[in-house]
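This report describes the chain displayed below, beginning with a single residue and moving on to the strands, cores, rings and cysteines. The coordinates come from a predicted model.

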Amino acid sequence: MNRNDDRLLPVLLTCVQAVVWPGAELVRGDVPPASALLVAALVAGPVTAALALRRARPVVALMLVAAACALGAGPLPVGAMAVLGTAGVALALFTVATERDTFTAVLCVVALAAWQLLQNLSLHGLSDRDGLDLVLTALLYATACGTGLLARRTRRARGTAERMLRRAETERHRLPAAERRRMERELHDVSAHHLTAVVVTAGAALGLRDRRPELAAGALEFAAETGREVTRALGAVRAPAPSREEPASPEERLRALVAGFRRLDQRVECAIDPLPDGAVADAAYGIVREALTNVARHAPGAATTVLCRYGDTRAEVVVTSTAPPDGAAAHGAGLGSGRGQGFLRSRAREAGGTLTSGPTAEGGWEVRAVLPGRSAAPVEASVPGSYRLAQVTAAVGLCVQPLLPVLVVRSQTTSSGSQVSAGVLFALLAAAQAVALLWLRRAPRAAQGVLLGVAPLWPVAMAVGQYAGPVLLPLALGVLATCVALAADADAAGADVDVDADRDGAVSGRGPHTRRRSWVLASAAVAVHAVAMSVAVLDRGTELPDWTVPVGATAGVALVMGAARWAGAVRGRRELVARGAREERLAAWTEEAVRDAWAERRRIAAGLETTVLARAADMVAEAEAGRLDTAATRAREALAAMRALLDTVRAGEPGPDGPELRPQPTLQALDLLARQCRATGREVEIRLTDRVPERLPTAVDLAAYHAAETVLAAGGEEPAVVELDVEGDTLTLTATGVPRAGCPAVRQRLAARVAALGGDLTVEEPGAVRLRLPLAGARVPEQAGRSGHEEGAR
């Protein structure tokens, strides 16, 4: 909502108030006194201005609106402030609930209701009035606050989903580059340590061949062993299995960074939580590295603490250093470029967080970054306890203020009768409904039962309290609470469907027993409230025929509750379609990221096949044949080929297979799939038992990977585990933590892949699925990691 809309609604409320009063009086020919018009104008002006600025200062706007309407209600006639005093306060409360935290919103509702109640008591005293107006006022405030909290939660959920999609899109481009950097780093280590050592050792042995011939035998043995080690290491680089040790995790990288600064005689202590690979981990690493570098430059020898905490809603990175020891010389103080603080803030901002830095009270320096957590929720500053205490103190002072006139104004004599006021009974029934609604999400059936049990008590309270007001008004409170419960139930029933993204987003229902139970609940609610309404109307007496009362009550209640159910079902289906669209996009981006990273891996692996590995094998053969000079030549050729391959990797140029191959990922790509899922905020673990062979039949290899991909793409925020095992001639894939794997659309896709191989599919509750794929009869690739991938290429 923009600023024009913020101003439009308050002006509209003021115009409606002007139509109600003094407009209605003028139409009847009664001209209000000029003093009343002046007071109304003085009240309407501040109220309109406060409501127009309600988003910037919602609590202040609420106080101004309530105070202005209360001051104007005294000298003005009844109804002169009805619209601004009800709709205006409700709008201000709604804004407080949407723009501020839950504690502040609830405190405002309680304080405002208590203030209004105590003000009426101080002005009018206790009486035998039914007090229904107070119940309706409290209900209005609670409804406005609850609607605002629901709107804020919906807005935050939508924002979290959008941020998660943005994170997934970022990681989609990052995963191929990260895989390329990983392989480049591994290739560089192989070339720097293994092949270079062979060249140096062989060269030294050849140079001393005449004087120390024994060196040649050692060099030949070293060349053969190193060649075999190169082949093994390059094989692990080419196709790392998910069950093997993965590259260093963000936690290990941070600990290695701290260890490096300790070797520079820096006193650094750390407490680091595990972080998922991704933008947040990169930002945390860069912030810690820059902060420790600044400590080494400007405060060498200072005691430093590195704290990294990763939670559901936020990740905190704090680097705190003490003052440097006396006499410590800052030799690197002039080496910086002056851009470090800007780089720190930009790193945090790019990851979706904030960063602050400054001196500490002890004379040191602190860098504190707040980054998104697992759920990608927005980073919110924590509220100190002193601020909460100030809020409660202000609310208590506001509630006590109306009691001050009692000390100087004589209280009105109250009735000493023993008759229980209908307002007290209505308040108790409304409180019971409010408690039931609060438990609606946690215990829906119990809450619905309480609401249906309270509904018949409204006519009883009207009779016991001798209520003489509008007969349908108290009953409407019970109908309203039940409508909220029915709308929530229909919302859940509307969400109990599946979106088949492969069929143009068609929605298909599931859970017939759930829908049947929902309709039984709705029918029972209509019957109970229709009976209660009929009893109340007939007890009061009516000129209509008796048979028209239950018929009209049933029709009216059914219409209202049917509309509530329809609204809840529409909302649930819309949320489901939106969630399905988000999950479809997330699955598509995950698939694209893994496929691109797999293509990078295969491109570099193809270069290894035709260049480095072939020459390394020749080096081993020459060394075993005793030809040291030829083995050294093959080592130099392998080293040159490795460097050429590294240049190709850095340039991103296509390898021998070319980017047009686009091979389909196999089980060897499960590590990439898990890394992509973890980078987007979901914990995913891949487990391969020792019984899973390195070579699998091509069809089984492809089907197992796509089954795991389908299961993880089904959506959900729970930690998921995918485990693969081989028993006899059957590959078993078990996935847990996937609650939507049993949906018809997902089950159909899994069944299609399993049926093609003659396997079977079992869906277990809750959130578990098991696939069995037979290995017998399927072709095993002749070359590991080569023919199978080419056969599966698009």
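## Thr104 and its contacts

Thr104 has a relative accessible area of 4% and is therefore buried. The residue belongs to helix α5, which spans residues 102–124. When residues up to four places away in sequence are set aside, Thr104 is in contact with Val59, Val96, Arg388 and Gln391.

One of these partners, Gln391, is remote in sequence: 287 residues lie along the chain from Thr104 to Gln391, yet their C-alpha atoms are 7.8 Å apart.

## The chain as a whole

The predicted chain has 794 residues, of which 43% count as buried. Its secondary structure consists of 22 helices and 12 strands. Among contacts with a separation of 6 or more, 77% are between residues 24 or more positions apart.

## Strand β9 and its neighbours

Strand β9 covers residues 720–727, and six of its eight residues are buried. It pairs with strand β8 (residues 684–688) in the parallel sense, over five bridges. In this pairing, Leu688 is opposite Leu724 of β9.

Strand β9 also pairs with strand β10 (residues 730–736); the two run antiparallel and are joined by seven bridges. Here Val721 of β9 has Thr736 of β10 opposite. The two strands form a hairpin with two residues between them, and Gly728 in this hairpin adopts a positive phi near 70°.

## Nonpolar cores

The largest nonpolar core contains 43 residues, and the members with the most contacts inside it are Leu670, Leu724 and Leu731. At least two residues of this core come from each of α17 (548–624), α19 (670–679), β8, α20 (698–713), β9, β10, α21 (744–755) and β12 (768–774). The greatest share is that of α20, which gives eight residues.

Which residues does Leu724 touch, not counting those up to four places away in sequence? The contacts of Leu724 are Leu667, Leu670, Arg687, Leu688, Thr689, Val692, Ala704, Leu731, Thr732 and Leu733. Among them is Leu688, the residue that stands opposite Leu724 in the pairing of strands. Apart from the largest core lies another of 35 residues, which includes Val47, Leu62, Leu84 and Cys145.

## Aromatic pairs

The model contains two aromatic pairs. In one of them, Phe426 and Trp458 are tilted, with 5.6 Å centre to centre and 35° between the planes. This pair links distant parts of the chain, since Phe426 is in helix α12 (residues 422–438) and Trp458 is in helix α14 (residues 457–464), 32 residues apart. Both Phe426 and Trp458 are buried.

How are the rings of Phe426 and Tyr467 arranged? Their planes stand at 75° with the ring centres 5.4 Å apart, so the pair is edge-to-face; an angle over 60 degrees is required for that class. This pair also links distant parts of the chain: Phe426 lies in helix α12 and Tyr467 in the loop between α14 and α15 (472–494), 41 residues apart. Tyr467 is buried, as is Phe426. Phe426, Trp458 and Tyr467 together make up one aromatic cluster.

## Charges over rings

Two arginine residues are placed over aromatic rings, as follows. The charged end of Arg253 is over the ring of Tyr285, 4.3 Å from the ring centre. Arg565 is situated over the face of Trp519, at 4.4 Å from the centre of that ring.

## Cysteines

How many disulfides does the model contain? The count is zero. For Cys145, the nearest cysteine sulfur belongs to Cys108 and is 8.3 Å away, whereas a disulfide calls for sulfur atoms within 2.5 Å.

Is Cys145 buried or exposed? With a relative accessible area of 6%, Cys145 is buried, and it is one of the residues of the 35-residue core. Cys69 has a relative accessible area of 7% and is therefore buried; the cut-off for this class is under 20%.

Definitions and conventions
Residues numbered from 1 in each chain as written. Predicted model: local features only at pLDDT ≥ 70, side-chain atom pairs only at ≥ 80, totals over all residues. Heavy atoms only, no water. Buried < 20%, exposed > 50% of the residue type's maximum accessible area, 1.4 Å probe, protein only. Helix = DSSP H or I, 4+ residues; strand = E, 2+ residues; numbered from the N terminus. Pairing = 2+ DSSP bridges. Phe/Tyr/Trp six-rings, centres within 6.5 Å; stacked < 30°, edge-to-face > 60°. Lys NZ or Arg CZ within 6 Å of the ring centre and 35° of its normal. Core = buried A, V, L, I, M, F, W, Y, C linked by side-chain atoms within 4.5 Å. Contact = heavy atoms within 4.5 Å.
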